[in-house]
Amino acid sequence: MKSLLLSRFLLLLPWGLIVILLLDTDSSRAPLAPPARPPQQAAPRRPALPPIYAITPTYSRPVQKAELTRLANTFRQVARLHWVLVEDAARRSELVSRFVARAGLPCTHLHVPTPRRYKRPGLPRATEQRNAGLAWLRQRHQHLQPPQPGVLFFADDDNTYSLELFEEMRTTRKVSVWPVGLVGGRRYERPVVENGKVVGWYTGWRADRPFAIDMAGFAVSLQVILSNPKAVFKRRGSQPGMQESDFLKQITTVEELEPKANNCTKVLVWHTRTEKVNLGNEPKYHLDTVKIELCAESLT
Ligand code: UGA
Ligand code: MN
């Protein structure tokens, strides 16, 4: 009898232990009811970033596609950047059209040819193209209600732009300025700032310019562009290197300028110029079995 009881006990023992274990783990679990959630809080709405409009004149030469590729690789990383690419050509080229379609950022593709008489060394470049960009911008916004946030920047296709530069220019209220590297025959040019105001220019070239600054050294708020509808780049009376100054004179004063880049003590953009390529071994007639695209088809 005793042994029967013992064998029954031994038989049931593992099952008993299993039940105890199960009960124990169950009780250590979180209660089935979900914990009370904290009251739902509406995510604070951040105001949208003002868009940056980058106006880039471009023209056909062997390095064109390389320059545009470099530029697109930078611009693609900038939030809310709208690229206004203006071809110096009588019509839109296939190369630039295809490029714009695959650039991976918002683009507007315009074109206007530089009159032949202005295609001479020593004369200002890209006047007509920048004006076409300005006209597009004004037309696009003229029927919209102010205030219209936005910043305009003239971005030549051969310069080098840091991403930090776009963070700096984004907060432009009227006209902002900053240093430009590798320009004016010096390592850099910069606005000289005292007590947060521009009081002069560090430059090695024509220090008498009212705004001794390169095209890459300033940004303008969209509001300023819209409230000065006549401000454009001028051919007549404009001396070489004076385009920037002549344009800025129409929309602002030196006292009004907003210094960026840590009171104009940091270079965030470089006036790099691509070396003229050596095509000395290029055959006279097309020898290759395929056609490789490097720049827009020349129309002349
Ligand atoms: C300097 C300034 O940085 C330019 O902003 C200014 O337009 C120029 O001088 C000038 O003399 O007008 P630089 O490096 O000498 O620049 O000029 P480029 O880079 O050769 O040309 C400036 C922009 O105009 C470029 O985006 C270029 O693609 C475009 N461009 C140039 C044309 O659209 N057509 C041309 O025939 C030549
Ligand atoms: Mn250049």
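This tour goes through several aromatic side chains and two asparagines, one selection at a time. Please keep in mind throughout that the model on your screen is predicted.

**First stop: a tilted pair**

The structure holds 15 aromatic pairs, and a good way to begin is to select Phe-75 and Tyr-161. The centres of these two rings are 6.0 Å apart and their planes meet at 45°, so the pair counts as tilted, since planes under 30 degrees apart would be called stacked and those over 60 edge-to-face. Follow the chain outwards from each ring, and you will find that the pair links distant parts of the chain, with Phe-75 in helix 2 (residues 64-75) and Tyr-161 in strand 5 (residues 160-161), 86 residues apart. Both Phe-75 and Tyr-161 are buried.

Now widen the selection by adding Trp-83, Phe-99, Phe-153, Phe-166 and Trp-178, which ring pairs link with Phe-75 and Tyr-161 into a cluster.

**Second stop: a neighbour of Tyr-161**

Keep Tyr-161 in view and select Asn-159, which lies in the loop between strand 4 (151-154) and strand 5. The side chains of Asn-159 and Tyr-161 make a polar contact at 3.3 Å. Is Asn-159 buried or exposed? With a relative accessible area of 3%, Asn-159 is buried. If you leave out residues up to four places away in sequence, Asn-159 touches Arg-70, Leu-71, Ala-216, Trp-270, His-271 and Thr-272.

**Third stop: a stacked pair and two arginines**

Next, select Phe-233 and Phe-247, whose ring centres are 4.4 Å apart and whose planes are at 10°, so this pair is stacked. Phe-233 is in the loop between helix 6 (222-227) and helix 7 (243-251), while Phe-247 is in helix 7 itself, 14 residues apart. Phe-233 counts as buried because its relative accessibility is 3%, and Phe-247 counts as buried at 0%.

Add Arg-130 to the selection, and look for its charged end, which sits over the ring of Phe-233 at 5.9 Å from the ring's centre. For another arrangement of this kind, select Arg-186 and Tyr-202, where the charged end of Arg-186 sits over the ring of Tyr-202, 4.7 Å from its centre.

**Last stop: an annotated asparagine**

Finally, select Asn-263, which an unreviewed UniProt entry lists under "glycosylation site". Asn-263 is placed in helix 8 (residues 261-264), and its relative accessibility of 40% means that Asn-263 counts as partly exposed. Leaving aside neighbours within four places in sequence, Asn-263 is in contact with Arg-190, Val-193 and Gly-196, and these residues can be selected together with Asn-263 to complete the view.

Notes
Residues are numbered from 1 along each chain as its sequence is written. Chains are lettered from A and ligands numbered from 1 in the order in which they are written. This is a predicted model: local features need pLDDT of at least 70, side-chain atom pairs count only at pLDDT 80 or more; totals for chains, interfaces and linings use all residues. Side-chain values use heavy atoms; hydrogens and water are left out. Rings of Phe, Tyr and Trp (its six-membered ring) pair if their centres lie within 6.5 Å; planes under 30 degrees apart count as stacked, over 60 as edge-to-face and the rest as tilted. Helices (H or I, at least four residues) and strands (E, at least two) are DSSP runs, numbered from the N terminus. Buried means under 20% relative accessible area, exposed over 50%, partly exposed in between (1.4 Å probe, protein chains only). A charge sits over a ring if NZ of Lys or CZ of Arg is within 6 Å of the ring centre and within 35 degrees of the ring normal. UniProt positions are given in the numbering used here, feature names are shortened, and annotations may be inferred rather than shown by experiment. Contact means heavy atoms within 4.5 Å. A polar contact is a pair of N or O atoms within 3.5 Å; within protein, one must be able to donate a hydrogen and the other to accept it, and residues adjacent in sequence count only if both atoms are side-chain atoms.
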